[in-house]
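This report covers overall dimensions, surface, charge and packing. The sequence and structure come first.

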Amino acid sequence: MDDVTVNGARHPAPRDPDTTSAEHVRDGLGLTGTKIACGSGVCGACTILVDGSPTVSCLLPSDRLAGRTVTTVEGLGGTHPVQYAFAAHDALQCGYCTPGLVVSSSVFVDTWRADHGDSRPDRDTIADALSGHLCRCGAYEGIFAAVAAACAGEFDAVPDREPPRRDALDKVTGRARFSADLAPHGHWEGVIVRSTHAHARVRAVHPGTARSGVPAPGGPADGTAGAAATAPEDTPVFTDLLGDDRTVRYVGQPIAAVAAPTSGGARAAAAAVRVDYDPLPAVLDAGAARTPGAPVLYTTKEERASAPSYGEAPTPPAPWTGNVRGPGTLSWRGPTAVRRLRRAARSGDPLLVSGEFTTASQAHNPLEPHVCVAFWEPGGDLYLRVSTQAVAKTAERAARRWGLPLDRVHVVSEFVGGGFGAKNALSADIVASVELARVARAPVRVVFDRSEELTDAGHRPGARTRVALLADRSGNLSAMSVDSVGEGGVSVGSSTAALAFLMYGRAPRRVRDFDVVTNLPPGMPMRGPGGPPMAWALEQAVDTMAHRLGEDPLALRARWDGNPKRRALYRRAARLDLWRNRPRGPRTGRFRRGVGVAAANWMYLIAPQAQVELSVEGGTVVVRSSTQDIGTGIRTVLAESVAERLGIPSPGLRVEIGRSGPVHGTGSYGSRTTTSMGPAAVQAADRLRSALRERSPSVPAVGPIPEHAFKEALVHAEGVRVTGGRGRDRWGRLTPDMGGDLALGRGLSGAVHVMEVEVDTLLGGVRPTRCWAGIAAGRVYAERLARNQCEGAVVQGVGYALFEERRHDPATGVLLTDNMEDYRIPGMGDVPETEVYFHEGGFEHVAGGGVGLGEVSVVGVAAALANAVHDATGWRPHELPIRPDRLIGGLR
């Protein structure tokens, strides 16, 4: 039999044609740097070299490896110039896509240098070479820079500086272990059985060949459960997931789950499960859901109260009428605003701007899918290795659900492959793996495939938003009205109109949020929930007003906007060559260039319970908290905050996060992680200094601690532990803890985006070419990492504007865009060259001096792009995404 050579070592060739090369490399050889993400060869995360050629291993049957030579990211040894360059230029965020990109880039760099010497390829050449790779975090600017630098020979030797990101070397070498990589030997694979009906009552669930510890509600009392004790140990196991409510309300809703020792066995067991349905009338369109006599999803007060929420904060109460929830109203002199707008409409006032704008549903779609490996210790402790944005909260929720003391639930999430809001809940992968592990008496791994991830792992709901703005004869804003209807499937929580309330001064205004529920999967909070659809509508209306007034769109915003931080950004943007030298007047020809602008703000949120512990262990300071790093760089922020406060080198610190425990860490959502954890680390550093001074007088009270004094103090401080908390801002908070470790601080962060596009008026294509992103969030922690976040926000905003659109079969409710061929996200050739500018003033009252920027940096991107398209063509895009058919139709 032919062997296969992997990273220089010979191994027996796999013989199973039903196993992919990716599965063999990962599970057979333990080389987990190779990642499985899309499963269809689109994203490139699974790329390996086969006989020197980049190959997507998720499509290659493993038996085709016989007689071949394979190199994985581990085989590059961590010393390839590309690996050094990726780390130095921060060409990564979460790191899940990084190994595949590194493998392909290594071949490109070696080939380029052989053909062209030590010269830099241009952006288009690099984008073409890496066109088979996707990064959902959007770290493309760093990737462009890293590949060009490696081609130029700048990383042929070991760099003399530490990478800006603390875990960069783990990610570029494949050493970083994500949750699916942590399955222990002998684990079982779990598969979720999902509804095939959009609306039905489940009469019974028959486990098929699987054994069950308890019969499913409504299931047959046929001895299946009792037979569990006498069944062979490798018999598949079954668990019910519906609970007492036996109604399914969308296609893809979890009903049950099975597990078996192999993935093939689990899939076969899932196929053998039979579900008996009583179909119910379904409503699959928001318009139909509002019509009289439409089937009502939630018929009782209790059902409405338990509807899932896609809001980030607690959902406020609102009235229901059939399938419509709302309005939730905010008003400042609202009757005056409505009266002025109605009078302007009756008189045909030219300074009344009104319009309706729609946005499609955008999937979170992190490249690392939802995954959980669960197992029960004989003593009853529960262990979860899970991809989550909230380690501490996941432990608390698991303890409540399974009736365990908190200290008997152990959650591990060392590396998280993106989340964007989708991984905050006790999701189906967690519940299924825990219940299956109980029945199987073995560790169980449940991993969503890409179809499940795109169907039932969260999305930014679509919205239909109507805006009306009225200016007076001086060009000042006289009245505003915004009504927005969220379309989040079975979920509620629209805040789109409410966010508009916070923009543009104190002119009279009334904003109202509604939800229409349908038999489609639920939404979840997604990066800046409600913000991008708000800006899509409001910022285009403001742009239209500027044209009506004959005023520069940037100047109008600066005049209307009383926020001093955004006004500083307007002044900066007005001086840009990109803005000053933009084309003026009507454009002609096939390719037309345009420049647009949009403004945004975001609430300043805090995690009041955030804690950081510093302990002295073996002569090293250990920084510890039960937070997690989803690619935002909190490992780096914690280390640098402590090192800067003590005046010591950060590489000497050890950072331990991603594990639940007594030191509470905040969740990674709401733009609150850094602004909460950073000050907690600083307070812990101050307390450690005090503890060291008690033991060693050579430690100064303030300022940098000399190296010799620090080392001597650590010898005498072995075992010392101190904990720091978030502390209070100078002016306090606007709200107490609203539950879930979430409070509202004083002040709003701001952003201004200036976008340049080239529009192909023949084929309807829109190519963003340049973007300036101005961010006002106070002091910036870890500048390069923050810049990377803002660059990635532009990428996600471009995807929202141009490509991303979840689409369902209107007759059945089945998701049609359930793969990454049909659900497209931006690649390297789709994104603009981006410059990020930070305005660091305005938050001096905040502990640490800065607030979160992950969400404000995405809110206005799509709107700026839409305004650029209008500037180029004269056509106003009201529907998102700006598809070629819509653009061509609008120009006719």
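How many Å apart are the mean positions of the positive and negative charges of the protein chain? The mean positions of its 99 positive and 96 negative charges lie 8 Å apart. Lys and Arg count as positive and Asp and Glu as negative, with His and the chain ends not counted; each charge is placed at NZ of Lys, CZ of Arg, CG of Asp or CD of Glu.

This is a predicted model, in which local features need pLDDT of at least 70 and side-chain atom pairs pLDDT 80 or more, while totals for chains, interfaces and linings use all residues. Residues are numbered from 1 along each chain as its sequence is written, and side-chain values use heavy atoms, leaving out hydrogens and water.

The radius of gyration, taken over C-alpha atoms, is 28 Å, close to the 29 Å from the globule rule for 892 residues, so the protein chain is as compact as a globular protein of that length. That rule is 2.2 Å times the number of residues to the power 0.38.

| Property of the protein chain | Value |
|---|---|
| C-alpha box along the principal axes | roughly 80 × 75 × 60 Å |
| Accessible surface (Shrake-Rupley, 1.4 Å probe) | about 32,800 Å² |
| Surface belonging to carbon and sulfur atoms | 51% |
| Buried residues (under 20% relative accessible area, 1.4 Å probe, protein chains only) | 61% of 892 residues |

The largest nonpolar core (buried Ala, Val, Leu, Ile, Met, Phe, Trp, Tyr and Cys joined through side-chain atoms within 4.5 Å) has 85 residues, and Leu 469 is among those with the most contacts inside it. Beyond four places in sequence, Leu 469 has contacts (heavy atoms within 4.5 Å) with residues including Leu 341, Leu 538 and Trp 560. Apart from this core lies another of 57 residues, Ala 85 and Val 109 among them.

Notes:
Buried means under 20% relative accessible area, exposed over 50%, partly exposed in between (1.4 Å probe, protein chains only).
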